[in-house]
Amino acid sequence: GKFTVGDYLAQRLAEVGIRHHFVVPGDYNLILLDKLQAHPDLKEVGCANELNCSLAAEGYARANGVSACVVTYSVGALSAFNGTGSAYAENLPLILISGSPNTNDPGQYHILHHTLGHPDYTYQYEMAKKITCCAVAIPRAIDAPRLIDRALRASILSRKPCYIEIPTNLAGATCVRPGPVSAVTDPVTSDKNALEAAATCASEYLDGKLKPVILVGPKVGRAGAEKELIQFAEAIGCAVALQPAAKGMFPEDHEQFVGIFWGQVSTDAADSMVHWADAMICVGTVFNDYSTVGWTALPDIPLMTVDMDHVTFPGAHFSRVRMCEFLSHLATQVTFNESTLIEYKRLKPDPPHVHTAAHDDALTRKEISRQVQELLTDKTSLFVDTGDSWFNGIQLKLPPGAKFEIEMQWGHIGWSIPAAFGYALRHPDRHTIVMIGDGSFQVTAQEVSQMVRYKVPITILLINNRGYTIEVEIHDGSYNKIKNWDYAMLVQAFNSTDGHAKGLLANTAGELVDAIKTAREHKEGPTLIECTIDQDDCSRELITWGHYVAAANARPPRNMSV
Ligand SMILES: C/C(NCc1cnc(C)nc1N)=C(/S)[C@H](O)COP(=O)(O)OP(=O)(O)O
Ligand SMILES: [Mg+2]
């Protein structure tokens, strides 16, 4: 049959590496969904709602590098904007695709369903511009190739989401076939002169310094520069500290790893190394209020920063220098200086003694962490949702090959359920585990039903401390209370007549041991283990961090007139 706009989009999505696309159908996108379904390399994955659809695509992009979320106009897209915002904040190329009104309607001043009730349908496109690196609305079939390619290229190069709006009567309209996909995907390589100049500047910055430290941030993973980072780190030989959002992007069993730098809640005395350094090479770092513990944990020396496509020094900036090319180039030039590593070997704290709870002991946060630690292998991908799970997760030691996913910039509670689902579809070879609080789980619980439907064996550790404990530590109030659910019962309800979710309850250490054993053996679907702990059983790190964040939130407005 004829080749259409929908076929063009389908072919391009497959060519850039997408194998699953996440959808919620609606009458503005049904023809488009038919075209995507018709492509042999694309598997349509239905989601329970568009928030979860966009968050599943966000998680898929963490595993696959690029993802697609297809929704209907307005009622669908406005929910999908939240997962799109996460992709923007977390530097992930999520392609948000929305159906839209028939191209004849604007000129006829028609009032259409799902819209705001007036004949101006441009509001969605205008909003999408704010949360993507490139937003396009296809006006005619003939414009589709140029606009689709532009949006895809912008997204892939900048690691940011893009937006493609396709009117319901254009998805099936005749369109030319795509040209070579390299026109969309080929990267922009570093400018040779800028690369050389930046390397020279790096040598000058490091020259004469006695105590260099490398600080790794989350953009290393997004730039795909983990390998080059190890190369560079081993060439210089110094201490390597990680920001919390970068956990898992440098091996924790590496002898140069000195812990997670997170101010007062750092691990392994990483903060003592960062504050001792006289030169700091920041690679892919993001200093926001949460990662700097309310602005109390900032390096206090001039920095050299290697970002995804530029490098800066005190007094110098070099554009169009790609992180992976710069790091591998620098590895051949840098002078070896292991002074901070030698010092660290004297400072490194002994591993803490971990108490093993007795079988019938009531479950505690520490015992859960101890048992999760034992669960981690080279095949594990651990998702930690916003809450005390952040702090419990950050304290865990990742074995070689283990992966760690956290959403510290956007911080949307409940993100990990759909995100882990999307991720696990792309990585059936890995053991995906989620640590999530009761409050977070209540936001996106529906997506466990998709794990049942697609038989995805994810282990969900639901830490039930009866409410929003992070918020309690930042600033308490009655609003931090929530209605308790029977979480184990809930996920079994998703089975109905055909499903294999297991819902288990662990009140004691022994019950958790048994539940984890069951989860490890259960491959036919998700296993949720509700771990009940005392409401006040939260990490010391959370309390410390919460006080500083609350103080940062409470800063008075400047030049108060009164
Ligand atoms: C309500 C909120 N944050 C505010 C918030 C509200 N809405 C969205 C979408 N995202 C957010 N982070 C947060 S961190 C809760 O303490 C999470 O509770 P829970 O999942 O139960 O974890 P803890 O008990 O460990 O805190
Ligand atoms: Mg809670």
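Modeller: Contact here means that heavy atoms lie within 4.5 Å of each other, and the model we are discussing is a predicted one.

Biologist: With that in mind, which helices are included in what covers the buried residues of helix 22?
Modeller: Helix 22 runs over residues 540-553, and its 14 residues should span 20 Å at 1.5 Å a residue, which agrees with the 20 Å between its end C-alpha atoms. Its buried residues are Glu541, Leu542, Thr544, Trp545, Gly546, Val549 and Ala552. The cover over these buried residues includes two other helices, namely helix 15 (388-395) and helix 19.

Biologist: Which residues are the protein donors of the magnesium ion (ligand 2)?
Modeller: Along the chain, the donors of this ion follow the spacing D-x26-N-x1-G, and we can match that pattern to an aspartate, an asparagine and a glycine. The donor atoms are an OD atom, an OD1 atom and a backbone O, lying 2.1 Å from the ion. In the order of the pattern, the donor residues are Asp438, Asn465 and Gly467.

Biologist: How many residues apart in sequence are the parts that Asp438 and Asn465 tie together?
Modeller: Asp438 and Asn465 are both buried. Asp438 belongs to helix 17 (residues 438-444), whereas Asn465 sits in the loop between strand 17 (459-464) and helix 19 (469-474). Since the two lie in separate elements, the pair ties together parts whose separation in sequence is 27 residues.

Biologist: What percentage of the area that ligand 1 exposes when taken alone does the protein bury?
Modeller: Ligand 1 has 16 residues around it, and those that come nearest are Asp388, Asp438, Gly439, Ser440 and Ile470, while helix 17 and helix 19 each give at least two residues to the shell. Polar pairs are found here as well: a side-chain atom of Ser440 lies 2.6 Å from an oxygen of the ligand, a backbone N or O atom of Gly467 lies 2.9 Å from an oxygen of the ligand, and a polar backbone atom of Gly411 is 2.9 Å from one of its nitrogens. Taken alone the ligand exposes 590 Å², and the share of this that the protein buries is 78%.

Biologist: The backbone oxygen of which residue does the side chain of Thr115 reach?
Modeller: Thr115 is in the loop between strand 4 (94-100) and helix 5 (123-130), and because its relative accessibility is 14%, Thr115 counts as buried. Beyond its neighbours within four places in sequence, Thr115 is in contact with Tyr28, Tyr73, Ser74, Tyr121 and Tyr123. Its side chain also reaches a backbone oxygen at 2.6 Å, and that oxygen belongs to Leu112.

Biologist: Is Gln243 buried or exposed?
Modeller: Gln243 is placed in the loop between strand 8 (239-242) and strand 9 (257-260). Not counting residues up to four places away in sequence, it touches a list of residues that includes Leu215, Pro218, Ile260, Phe287 and Ser291. A residue is called buried when its relative accessible area is under 20%, and the value for Gln243 is 2%, so Gln243 is buried.

Biologist: Which residue, with a positive phi, follows helix 6?
Modeller: Helix 6 (residues 144-158) has 15 residues and reaches 21 Å from its first C-alpha to its last, close to the 21 Å expected. Its buried residues, including Leu147, Ile148 and Leu152, pack against helix 1 (5-15), strand 4, strand 5 (134-137), strand 6 (162-167) and helix 7 (182-185). Most residues other than glycine have a negative phi, which is a reason to look at the next residue along. After helix 6 comes a residue with phi near 60°, and that residue is Arg159.

Biologist: What is the relative accessibility of Val293?
Modeller: Val293 is found in the loop between strand 10 (279-283) and strand 11 (303-306), and although it is not a glycine, its phi is positive, at about 50°. Val293 counts as buried, because its relative accessibility is 0%.

Biologist: How far apart in space are Leu375 and Arg520, C-alpha to C-alpha?
Modeller: Leu375 lies in helix 14 (residues 365-375) and is buried, with a relative accessible area of 3%. Leaving aside neighbours within four places in sequence, its contacts are Thr380, His431, Ile433, Ile516 and Arg520. Leu375 and Arg520 are 145 residues apart in sequence, while in space their C-alpha atoms are separated by 9.0 Å.

Notes
Residues numbered from 1 in each chain as written. Chains lettered and ligands numbered in written order. Predicted model: local features only at pLDDT ≥ 70, side-chain atom pairs only at ≥ 80, totals over all residues. Heavy atoms only, no water. Donors = N, O, S within 2.8 Å, 3.2 Å for Na, K, Ca; no water. Helix = DSSP H or I, 4+ residues; strand = E, 2+ residues; numbered from the N terminus. Buried < 20%, exposed > 50% of the residue type's maximum accessible area, 1.4 Å probe, protein only. Expected span 1.5 Å × (residues − 1). Near = heavy atom within 4 Å. Polar contact = N/O pair within 3.5 Å; in protein donor to acceptor, adjacent residues only side chain to side chain. Areas by Shrake-Rupley, 256 points an atom, 1.4 Å probe, with all protein chains shown as cover.
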